[in-house]
Amino acid sequence: MNYSKKLEKIPPYLFIEIDRMKKKAISEGKDIISFGVGDPDLPTPDFIVRAGQKALARPQNHQYPFGAGAKNFRQAVADWYKRRFGVELNPENEIMALIGSKEGIGHFPLAFIDEGDIALVPEPGYPVYANATVLAGGQPYFMPLKQENGFLPDFSRIPEEIFRRTKIMFLNYPNNPTSAVAEEQVFSQAVQLAKKYDFIIAHDAAYSEIYFEQKPISFLAVAGAKEVGIEFHSLSKTFNMTGWRIGMAVGNEKIIAALTRIKDNYDSGVFTAIQEAATVALADGDEFAEKNRQVYRRRRQVLAQGLKTLGWDFTLPPATFYFWVKVPAGFSSFDFSRKCLKDSAIVVTPGSGLGPSGEGYIRMALTVDEKRIAEAVSRLAKIK
Ligand SMILES: *Cc1c(COP(=O)(O)O)cnc(C)c1O
């Protein structure tokens, strides 16, 4: 049996070795503390669960949802974008519901990429941008995110002939894994380039509500952005709803229409009961989102304090729930991650698994409670 050439081009799951070692350690009864996965450990708040339960019981929600999403959900997204970002969106044609933003990002290149076309992709980064490009027959061109540039892409290093073949530029701020936040200027530069070379910008804003300093802006708040781009958003991180699978794509009407056409051929919409719960989350969730930030802020404090006493090199994350930590001299990301697991039963993500520029770093997710973070730090103090 032969797999498609496209599938063969997708790199193997890079954390497979760490994952295998983690499972082995668990089977040996080791008390693992995992900073590995970016999946909130705390439950979805009650007011959202209750809204979901009620919606689940309504028979009219039991049929195919179809289309761009329920009217109420799209209106709630428009209201939230206006309130939170000062961005006006038309719920009729500038908003669509997604089965989690990963689903939307994954299908998106199919609408714009032909054989040999290029998508500009940040690295280290969320693997879906590059892999979805490859599965659509395109070619990712990687934009390294380096500490000396504040983990922003250096557009001046991208050759003219690459820009000419570019159909999509992916951006992601606040950034997974580096935790960097983008200022308006980066988005404006990207918009200028998109206009000059006629490509689309897809901004992934999954972490816009996990911030500790200045509130991150929406890409769509930048002048001209809606002419060339869309923003992917998600309720997963903001409301601890990763399991529910709901997100949204918002922005340029033509781009939304194209994504809708692709999706019409792959799925039949987001379960309406989940859209109803998400509607309540967006309408009434500001207070919870703030409480959630306080949880991560306290955890951030404990981990930062701990890593400081260990003498590890890191920047305090201004947003996201990730610490992007330099590995000690003499170790590769992978070797150091393996050592954390073997010697201390601590799982971290090797930065090199998220792209070559991630070499020399590990990522630690704040999805562990304060007591366990303190315990992890005292264990890590013993590794030599
Ligand atoms: C978690 C995450 C998402 C959100 O994924 P969902 O499919 O909405 O759960 C999107 N982008 C990045 C970079 C993420 O880390």
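The domain assignment splits this protein into domain 1 (5-44 + 287-380) and domain 2 (63-285). The model is predicted. Taken over C-alpha atoms, the centres of domain 1 and domain 2 are 25 Å apart. The topics below are the domain contacts, the nonpolar cores and the ligand site.

**Domains**

- Domain 1 is built from two stretches of sequence, 5-44 and 287-380. Domain 2 is assigned as one stretch, 63-285.
- The two domains touch: 35 residues of domain 1 are in contact with 35 residues of domain 2.

**Nonpolar cores**

- The largest nonpolar core holds 57 residues. Tyr81, Met169, Ile201, Leu235 and Leu282 touch the most other members.
- Both domains feed this core, with at least three residues from each of domain 1 (5-44 + 287-380) and domain 2 (63-285).
- A separate core has 31 residues. Among them are Ile33, Ala206, Phe212 and Ala304.
- Met169 belongs to the largest core. Beyond its neighbours within four places in sequence, Met169 is in contact with Leu120, Met143, Phe155 and Ala190. Met169 also contacts the run Phe199, Ile200, Ile201 and Ala202.
- Ile201 appears twice here: as a partner of Met169, and among the core residues that touch the most other members.

**Ligand site**

- The shell around the ligand counts 14 residues. Asp204, Tyr207, Ser236, Lys237 and Arg245 come nearest.
- By type, the shell divides into 4 nonpolar, 6 polar and 4 charged residues.
- Arg245 is one of the nearest residues. A polar side-chain atom of Arg245 lies 2.6 Å from a ligand oxygen atom.
- Ser234 also places a polar side-chain atom 2.6 Å from an oxygen atom of the ligand.
- Lys102 approaches through its backbone: an N or O atom there lies 2.9 Å from an oxygen atom of the ligand.
- On its own, the ligand has 390 Å² of accessible area, and the protein covers 94% of that.

How values were computed. Residues are numbered from 1 along each chain as its sequence is written. This is a predicted model: local features need pLDDT of at least 70, side-chain atom pairs count only at pLDDT 80 or more; totals for chains, interfaces and linings use all residues. Side-chain values use heavy atoms; hydrogens and water are left out. A residue is near a molecule or strand if one of its heavy atoms lies within 4 Å of it. A polar contact is a pair of N or O atoms within 3.5 Å; within protein, one must be able to donate a hydrogen and the other to accept it, and residues adjacent in sequence count only if both atoms are side-chain atoms. Accessible areas come from the Shrake-Rupley method with a 1.4 Å probe; for residues, only the protein chains shown count as cover. Ala, Val, Leu, Ile, Met, Phe, Trp, Tyr, Cys and Pro count as nonpolar, Asp, Glu, Lys and Arg as charged, and the others, Gly among them, as polar. A nonpolar core is a set of buried Ala, Val, Leu, Ile, Met, Phe, Trp, Tyr and Cys residues joined through side-chain atoms within 4.5 Å. Buried means under 20% relative accessible area, exposed over 50%, partly exposed in between (1.4 Å probe, protein chains only). Domain bounds come from an automatic or database domain assignment. Contact means heavy atoms within 4.5 Å.
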